[in-house]
Amino acid sequence: MVREDGKRNFALRDADGNESSVFSGNTPRQAALKAARRLDDVGGSESSATRHEIRLREKGTDKVHIYDAWAWNEEAPEDAPDWLQGRTDITEANVSKKGIEHLDE
């Protein structure tokens, strides 16, 4: 279901089908990037980061978007905005779409 601002909600699903968190975004990829930044296993660089499969169910539909996701820490930029000042590193993330499944539920 699309909100008035154009964003959609996506629920993060585990292997058992339990939904623990909800991420919003204009596209499934945007929500997947938000979810990837919250991975527990964050690498020191993009090349050394461990890939994890994440599944996001689009609220109001039977679609489950499947991504490989990975995250890593980088040094905060010199020209960081005010709200980021004082932090030495930031978490970056990337995702690669594997496909879409439809739930039978």
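## Starting at glutamate 101

Glutamate 101 is a good way in: with a relative accessibility of 39%, it counts as partly exposed. A quick reminder before going on: this is a predicted model.

What does glutamate 101 pair with? Its partner is arginine 55, and the closest N and O atoms of this salt bridge sit 2.9 Å apart. Glutamate 101 belongs to strand 5 and arginine 55 to strand 3, so the bridge ties together parts that are 46 residues apart in sequence. Arginine 55 comes in at 23% relative accessibility, and that is partly exposed too because the buried class needs a value under 20%.

## Lysine 98 and its two partners

Strand 5 also holds lysine 98. One of its salt bridges goes to glutamate 53, with the closest N and O atoms at 2.7 Å. Glutamate 53 lies in strand 3, residues 52–58, while lysine 98 is in strand 5, residues 89–102, so here the parts tied together are 45 residues apart in sequence. As for exposure, glutamate 53 has a relative accessible area of 42%, making it partly exposed. Lysine 98 gets the label partly exposed as well, at 47%.

Lysine 98 also forms a salt bridge with aspartate 68, where the closest N and O atoms are 3.6 Å apart. That pair links distant parts of the chain, 30 residues apart: lysine 98 in strand 5 and aspartate 68 in strand 4, which covers residues 63–75. Aspartate 68 is partly exposed, with 24% relative accessibility.

## How it joins up

Which residues end up in one network through salt bridges that share partners? They are Glu53, Arg55, Asp68, Lys98 and Glu101. For the wider tally, searching the whole structure turns up seven salt bridges. The general idea behind such pairs is simple: side chains of opposite charge can pair when their charged atoms come close.

## A look at arginine 8

Now for another arginine. Arginine 8 is found in strand 1, residues 8–13. Is arginine 8 buried or exposed? It is buried, because its relative accessible area of 18% falls under the 20% cut-off.

What does the side chain of arginine 8 reach? One contact is with the backbone oxygen of asparagine 26, at 3.3 Å. The arginine 8 side chain also makes a polar contact with the side chain of glutamate 58, at 3.1 Å.

Note on methods:
Residues numbered from 1 in each chain as written. Predicted model: local features only at pLDDT ≥ 70, side-chain atom pairs only at ≥ 80, totals over all residues. Heavy atoms only, no water. Salt bridge = Lys/Arg side-chain N within 4 Å of Asp/Glu carboxyl O. Helix = DSSP H or I, 4+ residues; strand = E, 2+ residues; numbered from the N terminus. Buried < 20%, exposed > 50% of the residue type's maximum accessible area, 1.4 Å probe, protein only. Polar contact = N/O pair within 3.5 Å; in protein donor to acceptor, adjacent residues only side chain to side chain.
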